[in-house]
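Me: I am new to reading protein structures. Could you go through this one with me, a question at a time?

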Amino acid sequence: MTDENRKLLTRINAYAETVLADIDPQKVQVSSQLEKLKPVMQEIAEERNTSVEDIFILYMDLQSEATVAAEEKLREELRDLESLT
């Protein structure tokens, strides 16, 4: 992930923490959650002279990439712990 993409992901996630703070992701449809993120995605799209849809797709890709990286880091840490025992 590039630094620019990391900043974009951090920016959207920070916004999400604010607007989705009181939302239970298990009970609220994903489409409703994404609708609440639309203002920040629109802002970024305008800054980058691209469409909101392109920013949405990029965000979803980056979020998936970050999730995979976090899971791999956890696996490595668990392997390290197992090797100590």
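Me: Is asparagine 5 buried or exposed?
Reply: Happy to help, and keep in mind that this is a predicted model. Asparagine 5 sits in helix 1, and its relative accessible area is 18%. Buried means under 20%, so asparagine 5 counts as buried.

Me: Which residues does asparagine 5 touch, not counting those up to four places away in sequence?
Reply: Sequence neighbours up to four places away are set aside here. What asparagine 5 then touches is Arg48, Leu58 and Leu62.

Me: Which helix gives the most to the largest nonpolar core?
Reply: This core has 14 residues, and Ile12, Leu37, Met41, Ile44, Ile55 and Tyr59 have the most contacts inside it. Helix 1 (3-19), helix 2 and helix 3 each supply at least two of its residues. With five residues, the one that gives the most is helix 2.

Me: What is isoleucine 44 in contact with, leaving aside neighbours within four places in sequence?
Reply: Isoleucine 44 is among the core residues with the most contacts inside the core. Beyond those sequence neighbours, its contacts are Leu8, Arg11, Ile12 and Ile55.

Me: How many residues lining the largest pocket are nonpolar?
Reply: The lining is made of Ala16, Leu20, Val30, Gln33, Leu34, Leu37, Tyr59, Met60 and Gln63. Helix 2 (30-48) and helix 3 (52-84) each give two or more of these residues. No lining residue is charged and two are polar, while the nonpolar ones number seven.

Me: And how much space lies in the largest pocket?
Reply: Helix 2 gives the most to the lining, with four residues. The space in this pocket is about 160 Å³.

Notes
Residues are numbered from 1 along each chain as its sequence is written. This is a predicted model: local features need pLDDT of at least 70, side-chain atom pairs count only at pLDDT 80 or more; totals for chains, interfaces and linings use all residues. Side-chain values use heavy atoms; hydrogens and water are left out. On a 1 Å grid over the protein atoms alone, a cavity is a set of points where a 1.4 Å probe fits but cannot get out, and a pocket is an open set with protein on both sides within 12 Å along at least five of seven lines; lining residues have an atom within 4 Å of a point. Grid points are joined across faces, edges and corners, and a volume is the space filled by probe spheres set on the points. Ala, Val, Leu, Ile, Met, Phe, Trp, Tyr, Cys and Pro count as nonpolar, Asp, Glu, Lys and Arg as charged, and the others, Gly among them, as polar. A nonpolar core is a set of buried Ala, Val, Leu, Ile, Met, Phe, Trp, Tyr and Cys residues joined through side-chain atoms within 4.5 Å. Buried means under 20% relative accessible area, exposed over 50%, partly exposed in between (1.4 Å probe, protein chains only). Contact means heavy atoms within 4.5 Å.
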